[in-house]
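Please open the model in a viewer and follow the selections below in order. Each stop names what to select and then states what is found there.

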Amino acid sequence: MGRSRYRFIYPDQPHFMTLTVQGWLPVFTRPESVDILLQSFRFLMNEGLRIHAWVILENHLHLIAQSQKLDNDIARFKSFTARQFLGYLQQRKATTLLNQLQQLKLAHKTDRQWQFWQEGVHPEWIGSSDMMRQKIEYIHQNPVKRGYVDQAEHWRYSSARDYAGSEGLLAVDKSWWSE
């Protein structure tokens, strides 16, 4: 049995997920670090990943996505981005962050020096339009509740702009939505 009680109920249907940096370390603080996430999402979107909503904050991200193999796509995303971030941190000589990621590595992760992402993504199946709206509202309000912006669509790293009628940084699938 796996370590998490959270499962992808229907891997081909929309799920709400949270991906968190180990120790909640603030890694996504520069445009080039956020771009690692966005480029990886774009690659997976070209392979069939559909993103309905997303937000990136300094140490975690939330998204609602679906694909034919969502569990596999998220595992690929986490694996690839972890390697990219560790390379990015080594290149920038960010020894403090690297040391923290090494100290925070779980004991059973013996095949690596560092652990970038926390285990699991806590997927929640989106089973209704009401639940979809509630989760999207939660995602978009995250930066507002933290006091980073006054309006959700002012947060650059979010799909709130797409839902407000502007174009965001990722192509968002709003096919479920009717205004």
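Select residues 10-142 of this predicted model. Over that range the chain is 46% helix and 17% strand, and the C-alpha atoms at its two ends are 26 Å apart. The range is the one covered by the UniProt annotation "domain: Transposase IS200-like", which comes from an unreviewed entry.

Next, select helix α1 (residues 31-46) together with helix α2 (residues 70-91). Their axes are 10 Å apart, and the two helices pack at an angle of about 150 degrees. Angles over 145 degrees count as roughly antiparallel, and α1 and α2 are therefore roughly antiparallel to each other. The crossing of α1 and α2 is right-handed.

Turn now to the surface and select I9, Y10 and W125. These residues make a nonpolar surface patch of about 290 Å². Of the residues in the patch, I9 is found in the segment before β1 (15-20).

The last stop concerns charged side chains. Side chains of opposite charge can pair when their charged atoms come close. With a salt bridge taken as a side-chain nitrogen of Lys or Arg within 4 Å of a carboxyl oxygen of Asp or Glu, the count comes to six salt bridges. Select R50 and D173, which form one salt bridge, with the closest N and O atoms 2.5 Å apart. R50 lies in strand β2 (residues 50-56) and D173 in the segment after α5 (160-163), so the pair ties together parts that are 123 residues apart in sequence.

Terms used: Residues numbered from 1 in each chain as written. Predicted model: local features only at pLDDT ≥ 70, side-chain atom pairs only at ≥ 80, totals over all residues. Heavy atoms only, no water. UniProt positions renumbered as here; feature names shortened; annotations may be inferred. Helix = DSSP H or I, 4+ residues; strand = E, 2+ residues; numbered from the N terminus. Patch = residues over 30% accessible without salt bridge, like charges linked within 9 Å, V, L, I, M, F, W, Y side chains within 5 Å. Areas by Shrake-Rupley, 256 points an atom, 1.4 Å probe, with all protein chains shown as cover. Axes fitted to C-alpha atoms, helices over the stretch in contact; angles between N-to-C directions. Parallel < 35°, antiparallel > 145°, perpendicular 65-115°, else oblique. Left-handed = near helix turned anticlockwise from the far one by under 90°.
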